[in-house]
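Q: I'd like a close look at one part of this model. Walk me through what sits inside, what sits outside and what it packs against.

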Amino acid sequence: MFKELSPLLAKRSLILTLSSIDEDRIRVTITPRPVGKDEARELSQPFAVEGTAAELDNELSKAIVSYTAEHMTLERSLEQVKASMEAALKEAKEEASKKVAEVRKDLKNGAAKTEPTKSETKKPEVKKLEAASLFDASEEIAAPGGTVRPHPGRESTPEWQWR
């Protein structure tokens, strides 16, 4: 059993807990201790097995081998992800510092870009059109550009007449 746990013990300490469940059943719990404060919680999840003394004598070492292999795989995967994230962060910081250096160089040489910022760009003026009244006698509508023209197909006088 300890030979199977030795790869885990090489990197961290383990807590081994044995508990009696009932007359003939035993629970074995192996809990890895975290190495640092920022270590992933998944690496300190406990491993628990229950069985009779005979079952644990026969099967515990196989279960520990499986658990140790999965734990080591998870630890390697997390280390790879962390390393790739750190490399990407370093690359992004270097790229940002290069851009800042270029802008500073341009400003120092007086060749700064003179493109207007969003706040400096002028928006075209939009004339606010008043809504047509239901009581307009000429049934005029607003045309694009703010001009007023008669409704197409209608004369300047309304179709209805007071009789």
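A: Contact here means heavy atoms within 4.5 Å. Helices (H or I, at least four residues) and strands (E, at least two) are DSSP runs numbered from the N terminus. The model is predicted, so to speak with gates on it: local features need pLDDT of at least 70 and side-chain atom pairs count only at pLDDT 80 or more, while totals for chains, interfaces and linings use all residues. Residues are numbered from 1 along each chain as its sequence is written, and side-chain values use heavy atoms, leaving out hydrogens and water.

Let's zoom in on helix H1. For context, the chain has 2 helices and 5 strands, and going along the sequence they come in the pattern α-β-β-β-α-β-β. Buried residues (under 20% relative accessible area; exposed is over 50%, partly exposed is in between, with a 1.4 Å probe and protein chains only) make up 15% of the 163 residues in the chain.

H1 covers residues 2-9, and its buried residues are Glu4, Leu5 and Leu8. Looking down the axis of H1, those buried residues fall within an arc of 85° (taken from the directions from the helix axis to the C-beta atoms), so they line one face of the helix. Turn to the other side of H1 and you find Phe2 and Lys3, both exposed.

What does the buried face meet? The buried residues of H1 pack against strand E1 (14-20), strand E2 (25-32) and helix H2 (53-109). Let's take those partners in turn.

On the H2 side, His71 is a handy residue to click on. His71 belongs to helix H2 and is buried, with a relative accessible area of 4%. Skipping neighbours within four places in sequence, His71 contacts Leu8, Arg12, Pro32 and Leu43. Leu8 is one of the buried residues of H1, which gives you a specific H1-to-H2 contact to look at.

Glu75 is also in helix H2. This residue is a charged name in a covered spot: Glu75 is buried, at a relative accessible area of 8%. Its contacts, with neighbours within four places in sequence left aside, are Lys11, Arg12 and Leu43. Arg12 and Leu43 turn up in the contact list of His71 too.

Arg12 shows up once more if you follow it to Glu39. Glu39 is in the loop between E2 and strand E3 (47-52), and it touches Arg12, Arg33 and Pro34, not counting residues up to four places away in sequence. Glu39 can also be placed relative to Leu78: they are 39 residues apart along the chain, with their C-alpha atoms separated by 9.6 Å.

Back on the strand side, E1 and E2 both pack against the buried residues of H1. Asp22 lies in the loop between those two strands and is partly exposed, with a relative accessible area of 37%. From Asp22 to Thr52 is 30 residues in sequence and 9.8 Å in space, C-alpha to C-alpha.

As for the chain overall, take contacts between residues at least 6 apart in sequence: 37% of them join residues at least 24 apart. To retrace the tour, start at Glu4, Leu5 and Leu8 on the buried face of H1, then hop from Leu8 to His71, and from His71 to Arg12, which Glu39 touches as well.
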